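Colleague: I would like to learn how to read a two-chain model. Can we start with the contact between the chains?

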Amino acid sequence: MRAADTSAQRRPGWAAWLLLTPLLVWLLAFVVAPAAILVAYSFAERDELGRVGFGFSLENYGRIADATYVAVFARSVGYAAITTAICAVLGYPVAWCLARASENWRHRLLLLVMIPFWTSFLIRTYAWITILKSEGLLNGLLLWLHAIATPLELLYTPTAVIVGLVYAYLPFMILPIYGSAEKLDPALIEAAHDLGCGPWRTFAQIVVPLTLPGFYAGVLMVFVPAIGMFAITDLMGGARVPMIGNVIQDQFVGQARDKPFGAALAVVFMLLFVAVYWLLQRRAAEREPA
Amino acid sequence: MSAPSPAVELRHVSKRFGAVAAVEGVSLAVRAGEFLTLLGPSGCGKTTLLRMIAGFEIPDAGAVLLGGADVTALPPHRRDVNQVFQSYALFPHLNVRENIAFGLRMQRRAAKEIAARVGEMVALVALEGCEERKPHQLSGGQRQRVALARALAPRPAVLLLDEPLSALDARLRQTMQLELKRLQRQVGTTFVFVTHDQEEALTISDRIALVNRGRIEQIGTTQEIYHKPATAFAAEFIGQANVMEAEWVGNEPGFARLRVAGIELRVAAEAWPAGVTRARVSIRPEKIHLGKTRPLGGSGFEVRVDEEIFKGATDRFGLVTASGARLIAMVANESALREAIHAGDRVWCAVHADDIVVLRESGNERGQPA
């Protein structure tokens, strides 16, 4: 009986494969197939009319090395990194307070974090435009307070893009850290206080190290989509600061109309994700006890 | 010359959690260097008392003093007390050495001094060779020792221990009780220990404060608590006791005569509160001496043996008096030759006047404790 159990664990039988089939079909249809199509496109060529001719050409990848695109990649990574950093600084204390709040308050506060998701993402972004534009709410308030004499140039600047990105992705930083922090044994915090550790040092020495898995998950959930974001850069950056997402979008549905090149960009971009993910996982694994 | 300040003093502290009064007007003084146990059933408020000393709970009323200084408003990290937590609360991301060094690092001691002190603590709790291990790589007993070493390393004035042995198995628990007592003598630190286990409390404490329903029922040395329980709760919570209603029937030189379960017994005159006609008394089962013949002096009474339970070192007898009251008696099995007493026998009981303890009613009794 025992022996049968262990052998079943080693080599899945037909029943196990049968149970796995729906998952495998799902993965095949929605993960493997699209990725394969993308890779196939990335090696294809485009004729003058924009039609795609399949083949094996590395030309698309070669074009990525062009300074323009390298700069776009670098800018995307930079913006995403700044966004992630700001989200971490803002999100950590919020997540910690959420985790430490009493049961009643915790549910209400979590609701506040989630409420924005009930509205369309585009509408929320337009709301920011209303706030930041020259004759917008923020400038109106500052003028009314006589804090400024002329309206500030806020919208269509890199700052506006960062504001939009931070706003969009902050919950994705807060929630995983909260998940980790909530599981933290309160006795550990008490033990730290008891041993002479003040609130700030406790946060730095106990809370942060013990919630790193949640933090890494948050970094992943903010950094990765922030790199590829195009709607916010379009709407709030006024297309003046294109990111990699904008360039790819342009190849597929925009004026550039170069699907193979867009596919190559997307593949490189995907590999970048995988690299970031792999690095974070490895760090998390090093930290996490076996 | 004034007496030295107690290591810990609670002055009329009270604490409510919502509608529940966890602690009600407790005053307590812990002497420097003693091993004091807060003993009581779960939910009696003993842990709340400990947490008030540590600073994790702020009393609603009253004051907490450490070494004579009022610390009621001080947060835990500014109090010179350390705690051993029930769950140990070892920092999972730090190894044994770093856990023990934590409190010293917070005091910003020199690296050399920290290393020396950590080495000293590791030796004290016999964990040599485990310094680099993480808590999850240790056994329950080893974690317990790390928790102890971590709390003692910064040389606190008072060490608080919140049921630290409750997670260990029975054998290890007994070993650790003795080890803890030895350790306390060795380091000389004041220990305030919380437990619900009366045997454990008797084994390791110098003094016991018996806590019930948010108040201190009795405080005294282990002997005092056992031999002179103040209330029915004290008598029944620690060891076993025959607690019975007694009626005063008269005085005679040096003694008060009582009627207990239809039997006339005598207690020392000063043991009976003047002017009281009814009170409860407690007799420990081992203080009831059984014999086949009427004892000398005429103070004995006859009972029927209802049941007999062999417990190895002792025999436990269930007795029924002439009036139908039930008693238990415990007899040491000193010799196999002792005259055998069996269920159904009629035997004589003798109780020494000093072994009948007159109880006062608990201050806050709301029905009998279970």
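Modeller: We can. This is a predicted model. Begin with the charged pairs across the contact. Between chain A and chain B the count is one salt bridge.

Colleague: Which residues form the salt bridge, and how far apart are the closest N and O atoms?

Modeller: A:Glu190 pairs with B:Arg51. Their closest N and O atoms are 2.6 Å apart.

Colleague: Which elements of chain A give two or more residues to the side that touches chain B?

Modeller: Two helices of chain A do so: α9 (186-194) and α10 (199-210). The largest share comes from α9(A), with seven residues.

Colleague: How do the residues on that side of chain A divide by class?

Modeller: Twelve are nonpolar, four are polar and four are charged.

Colleague: How many residues does each chain bring to the contact?

Modeller: Chain A brings 20 residues and chain B brings 24. Next, take the area. The two chains bury about 1,900 Å² between them. Carbon and sulfur atoms carry 62% of that area. For the polar side of the contact, count residue pairs. Six pairs are in polar contact between chain A and chain B, with both residues at pLDDT 80 or more.

Colleague: Now the empty space. How is that read?

Modeller: Rolling a probe the size of a water molecule over the atoms shows where empty space is left. Here the count is one cavity of 30 Å³ or more. The largest cavity has a volume of about 40 Å³.

Colleague: Which residues line the largest cavity?

Modeller: The lining is made of B:Met244, B:Val260, B:Ala261, B:Ile263, B:Leu265, B:Ile283, B:Phe301 and B:Leu327. By class, that gives eight nonpolar residues, no polar ones and no charged ones.

Colleague: Last, the backbone. What is phi at B:Ala126, and where is B:Ala126 placed?

Modeller: Look for positive phi in residues other than glycine. B:Ala126 is such a case, with phi near 55°. B:Ala126 sits in the loop between α3 (111-124) and α4 (140-152) of chain B.

Colleague: And what is phi at B:Arg213?

Modeller: Phi of B:Arg213 is near 50°, again a positive value in a residue other than glycine. B:Arg213 lies in the loop that joins β9 (207-212) and β10 (215-221) of chain B.

Conventions. Residues numbered from 1 in each chain as written. Chains lettered and ligands numbered in written order. Predicted model: local features only at pLDDT ≥ 70, side-chain atom pairs only at ≥ 80, totals over all residues. Heavy atoms only, no water. 1 Å grid on protein atoms, 1.4 Å probe; cavity = no way out; pocket = protein on both sides within 12 Å on 5 of 7 lines; lining within 4 Å. Points joined across faces, edges and corners; volume = space filled by probe spheres on them. Nonpolar A, V, L, I, M, F, W, Y, C, P; charged D, E, K, R; others polar. Contact = heavy atoms within 4.5 Å. Buried area = accessible area lost by both parts, 1.4 Å probe. Salt bridge = Lys/Arg side-chain N within 4 Å of Asp/Glu carboxyl O. Polar contact = N/O pair within 3.5 Å; in protein donor to acceptor, adjacent residues only side chain to side chain. Helix = DSSP H or I, 4+ residues; strand = E, 2+ residues; numbered from the N terminus.
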